[in-house]
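This report describes selected local features and pockets of one protein model. The sequence and structure are shown first.

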Amino acid sequence: MATATVPVTRARSGAVLADLLPASTAGRARVRDAALVLGGAALTGLTAQIAVPVPGSPVPVSGQTFAALLVGTALGARRGFLSLALYAVAGVAGMPWFAEARSGAAFPSFGYVLGMLLAATVVGALAQRGADRSVLRTAGTMALGSAIIYAVGVPYLALATHMPLGQAVAVGLTPFLIGDALKAALAMGALPTAWKLLGRRG
């Protein structure tokens with residue numbers, strides 16, 4: 001009986017970094033994918049605990065946005081969506097792994113969690129088209145992903161706190177731009193380098 005095989009190190013069209021992990025049969029590929037989805041959710045929850053309060057803002061600086069974009073890019077659209085969906089659903093159900101060990105949905109920055117779910121899906125789809133294989137394209141992918149997070153998170157913040165949209169931008173976007181630039185720079189170096197190293201192995 002024939003079994004499906006998945007190339008381990010050779011990059012192919014539509015592949016993301018996660019597809020280069022060993023999975024010699026369809027069954028093993030499903031196990032691998034489930035582990036990646038769980039691992040992506042856990043990574044996002046873990047990095048969310050690296051949180052620094054911002055004076056005057058209900059939104060802390062945390063590592064979860066970077067993790068969400070990294071998960072989406074590395075896993076691709078489908079697995080990235082499932083991973084962030086698991087993160088969101090488990091957090092709403094009571095798992096205290098949102099930023100500052102929060103859970104549930106009754107806090108002003110929950111919109112950023114929803115934005116990360118959408119952003120992970122979009123950057124994953126772009127990664128499947130090679131958007132993480134060069135420095136410039138990776139920078140653009142990270143910038144777009146961050147913009148999506150804010151496009152959902154900032155209006156949600158304004159509605160949840162009854163503050164004007166301009167004020168929500170001032171406290172929910174502006175203080176984070178420098179940090180986002182640093183995260184994008186890190187991704188610009190890490191993701192294309194990973195592709196080059198794996199390409200050499202192949």
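Which residue does the side chain of Arg 32 join in a polar contact of 3.1 Å? The partner is Asp 33, through its side chain. The model in which this contact is found is predicted.

## Arg 32 in helix H1

Arg 32 is placed in helix H1. Its relative accessible area is 11%, and burial is defined as under 20%, so Arg 32 is buried. The contact with Asp 33 is made between the two side chains, at 3.1 Å.

## Helix H3

Helix H3 covers residues 77-93, 17 residues in total. At 1.5 Å a residue the helix should span 24 Å, and because its end C-alpha atoms are 24 Å apart, the expected and modelled spans agree. After H3 comes Gly 94, which has a positive phi, near 130°.

The buried residues of H3 are Ala 77, Arg 79, Gly 80, Ser 83, Leu 84, Ala 85, Tyr 87, Ala 88, Ala 90 and Gly 91. These buried residues pack against three elements: helix H1 (26-48), helix H2 (64-75) and helix H4 (110-127). H1, one of these packing partners, is also the helix that holds Arg 32.

## Largest pocket

The largest pocket encloses about 260 Å³ of space. Its lining consists of 19 residues, and those nearest the centre are Pro 60, Val 61, Ser 62, Thr 65 and Phe 176. By class, 11 of the lining residues are nonpolar, five are polar and three are charged.

At least two lining residues come from each of strand S2 (61-62), H2, H4 and helix H7 (177-201). The greatest contribution is that of H7, with three residues. H2 and H4, which supply part of this lining, also pack against the buried residues of H3.

## Second largest pocket

For the second largest pocket the volume is about 170 Å³. It is lined by 13 residues, with Met 142, Ala 143, Ser 146, Asp 180 and Ala 184 closest to its centre. Nine residues of the lining are nonpolar, two are polar and two are charged.

H2, helix H5 (135-161) and H7 each provide at least two residues of this lining. H5 gives the most, with six residues. H2 and H7 thus appear in the lining of the second largest pocket and also in that of the largest pocket.

Definitions and conventions: Residues are numbered from 1 along each chain as its sequence is written. This is a predicted model: local features need pLDDT of at least 70, side-chain atom pairs count only at pLDDT 80 or more; totals for chains, interfaces and linings use all residues. Side-chain values use heavy atoms; hydrogens and water are left out. Helices (H or I, at least four residues) and strands (E, at least two) are DSSP runs, numbered from the N terminus. The expected span of a helix is 1.5 Å times one less than its number of residues. Buried means under 20% relative accessible area, exposed over 50%, partly exposed in between (1.4 Å probe, protein chains only). Contact means heavy atoms within 4.5 Å. A polar contact is a pair of N or O atoms within 3.5 Å; within protein, one must be able to donate a hydrogen and the other to accept it, and residues adjacent in sequence count only if both atoms are side-chain atoms. On a 1 Å grid over the protein atoms alone, a cavity is a set of points where a 1.4 Å probe fits but cannot get out, and a pocket is an open set with protein on both sides within 12 Å along at least five of seven lines; lining residues have an atom within 4 Å of a point. Grid points are joined across faces, edges and corners, and a volume is the space filled by probe spheres set on the points. Ala, Val, Leu, Ile, Met, Phe, Trp, Tyr, Cys and Pro count as nonpolar, Asp, Glu, Lys and Arg as charged, and the others, Gly among them, as polar.
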